[in-house]
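Subject: Structure handover

Hello,

Here is the structure I promised you. Please open it alongside this email and follow along.

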Amino acid sequence: MKIGIAVYGAHTLVSDDNRYVPDMIKAAAGIGFDGIDLGYFWGDNRKKEMAEAGKVAEDCGIELPNYICGNNFGNAVAENRSDKEIDMVKRALDEAAYFGCGCLRIFAGGIGLKYADYFNGIADAIAACIGHAEQCGVVMAIEDHGCLCKDSREQLSYIERIASPFLKANCDIGNYLYHAGELPEHAVSAVAGVTGMVHVKDFAVINNSFVSVPVGEGIIDCKKCFRILKDAGYSGYLTLEYECGIGIPRQGIAASMVNMRRFLTES
């Protein structure tokens with residue numbers, strides 16, 4: 001396994017008024033990450049920026065293993081606009097293929113909705129993207145991200161319903177606890193065999209609330225989770241999704257990377 005960072009987090013390595021993706025790639029490579037997952041932060045000249053991002057990554061010797069999409073199938077289904085959301089995911093699949101990424105992170109979404117009411121609609125929307133994913137050679141990975149896919153059981157319900165090698169899990173280790181109160185190592189054990197990509201974050205409990213902290217400084221047993229993934233045969237990236245608003249981002253990100261490498265070695 002290798003250690004990467006998601007662009008959602010790596011964007012804090014550059015100034016807010018200069019969120020240029022190639023600069024984020026350079027910053028992530030400079031810290032020592034093996035890879036960076038792109039998506040989200042493209043500017044007005046998307047094609048030019050994407051072309052430059054690919055060249056910069058190659059020049060820096062940093063890989064582009066995965067891509068991320070911020071879709072919301074649940075609310076799109078509820079509002080009868082699922083076709084637009086499906087098109088968004090298909091476009092993200094095209095962009096992932098452009099960079100040679102193996103996986104695309106997707107969401108079930110469904111803010112304020114009930115799982116039982118919208119599961120079928122979300123599953124149908126995912127199914128509508130499967131053929132395009134196959135054409136692109138990119139696996140979609142559904143994340144445990146709260147709402148209508150908050151835990152391992154709900155992740156597996158979509159994966160088992162679709163029953164395609166082009167839908168797997170994005171195993172977000174910290175989200176299981178944060179969104180569902182599910183013990184991360186139990187959740188990781190449940191989905192390890194169908195995991196396509198992994199997000200890593202950590203939390204401390206302060207005043208009875210979860211607060212994002214650098215990996216290794218909180219309560220998530222990342223080392224145990226890494227061992228579970230390794231034992232299940234997962235060999236992809238462990239990607240830092242840095243959401244900590246405390247301290248200096250570059251220091252917290254670098255510390256997270258160092259701890260992730262140590263946990264991986266010890267697992």
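Below is what I found, region by region.

Please keep in mind that this is a predicted model.

**Helix H10**

H10 spans residues 222-231. Which of its residues are buried? They are Cys-222, Cys-225, Phe-226, Ile-228 and Leu-229. These residues share one side of H10, because they cover an arc of only 160° around the axis. The general rule helps here: an α-helix has 3.6 residues a turn, so residues three or four places apart point the same way.

What covers the buried residues of H10? Three helices are among the elements that do: H8 (173-180), H9 (184-191) and H11 (249-266). Strands S7 (195-200) and S10 (237-240) also contribute. After H10 comes Gly-233, with a positive phi near 95°.

**The S8-S9 hairpin**

Strand S8 covers residues 202-206, and strand S9 covers residues 209-213. The two run antiparallel and are joined by five bridges. Together they make a hairpin with two residues between the strands. Asn-207 sits in that turn and has a positive phi of about 55°. Across the hairpin, Val-205 stands opposite Phe-210 of S9.

Take a look at Ala-204 as well, which belongs to S8. It is buried, at 15% relative accessibility. Setting aside neighbours within four places in sequence, Ala-204 contacts Ser-209, Phe-210, Val-211, Val-213 and Gly-218. Gly-218 is 14 residues from Ala-204 in sequence, yet the two C-alpha atoms are 4.5 Å apart.

**Glu-143**

Glu-143 lies in strand S5, residues 139-143. Is this residue buried or exposed? Glu-143 is buried, with a relative accessible area of 1%. Residues up to four places away in sequence are not counted in what follows. Glu-143 touches Arg-105, Ile-106, Phe-107, Cys-149 and Gln-155, among others. The list also includes Asn-170, Asp-172, Asn-175, His-199 and Glu-241.

**Cysteines**

How many disulfides are there? The count is zero. Two cysteines show why. For Cys-129, the closest cysteine sulfur is in Cys-69, 8.7 Å away, which is too far for a bond. A disulfide needs the two sulfur atoms within 2.5 Å. Cys-129 is also buried, with a relative accessible area of 0%. For Cys-136, the closest cysteine sulfur is in Cys-129, and at 10 Å that too is too far for a bond.

**Aromatic rings**

The count of aromatic pairs is eleven. One of them joins Tyr-8 and Tyr-40. This pair is edge-to-face, with 6.1 Å centre to centre and 80° between the planes. It links distant parts of the chain, 32 residues apart. Tyr-8 is in helix H1 (residues 7-10), while Tyr-40 is in the loop between strand S2 (35-37) and helix H3 (46-60). Tyr-8 is partly exposed, at 34% relative accessibility. Tyr-40 is partly exposed too, at 39%.

Next, look at Tyr-115 and Phe-119. Their ring centres are 5.5 Å apart and their planes meet at 40°, so the pair is tilted. Tilted is the class for planes that are neither under 30 degrees apart nor over 60. Both residues lie in helix H6 (residues 115-136), four residues apart, or about one turn of the helix. Both are buried. Tyr-115 has a further partner: the charged end of Arg-153 sits over its ring, 5.4 Å from the centre.

There is also a cluster. Ring pairs link Trp-42, Tyr-67, Tyr-98 and Phe-99.

**Positive phi outside glycine**

Tyr-40 comes up again here. Its phi is near 80°, a positive value in a residue other than glycine. Asn-80 is not a glycine either, and its phi is positive, about 55°. Where does Asn-80 lie? Asn-80 is in the loop between helix H4 (73-78) and helix H5 (82-98). Asn-80 counts as exposed, at 72% relative accessibility.

Best wishes

Notes
Residues are numbered from 1 along each chain as its sequence is written. This is a predicted model: local features need pLDDT of at least 70, side-chain atom pairs count only at pLDDT 80 or more; totals for chains, interfaces and linings use all residues. Side-chain values use heavy atoms; hydrogens and water are left out. Buried means under 20% relative accessible area, exposed over 50%, partly exposed in between (1.4 Å probe, protein chains only). The arc is that of the directions from the helix axis to the C-beta atoms. Contact means heavy atoms within 4.5 Å. Two strands pair if DSSP finds at least two bridges between them. Rings of Phe, Tyr and Trp (its six-membered ring) pair if their centres lie within 6.5 Å; planes under 30 degrees apart count as stacked, over 60 as edge-to-face and the rest as tilted. A charge sits over a ring if NZ of Lys or CZ of Arg is within 6 Å of the ring centre and within 35 degrees of the ring normal.
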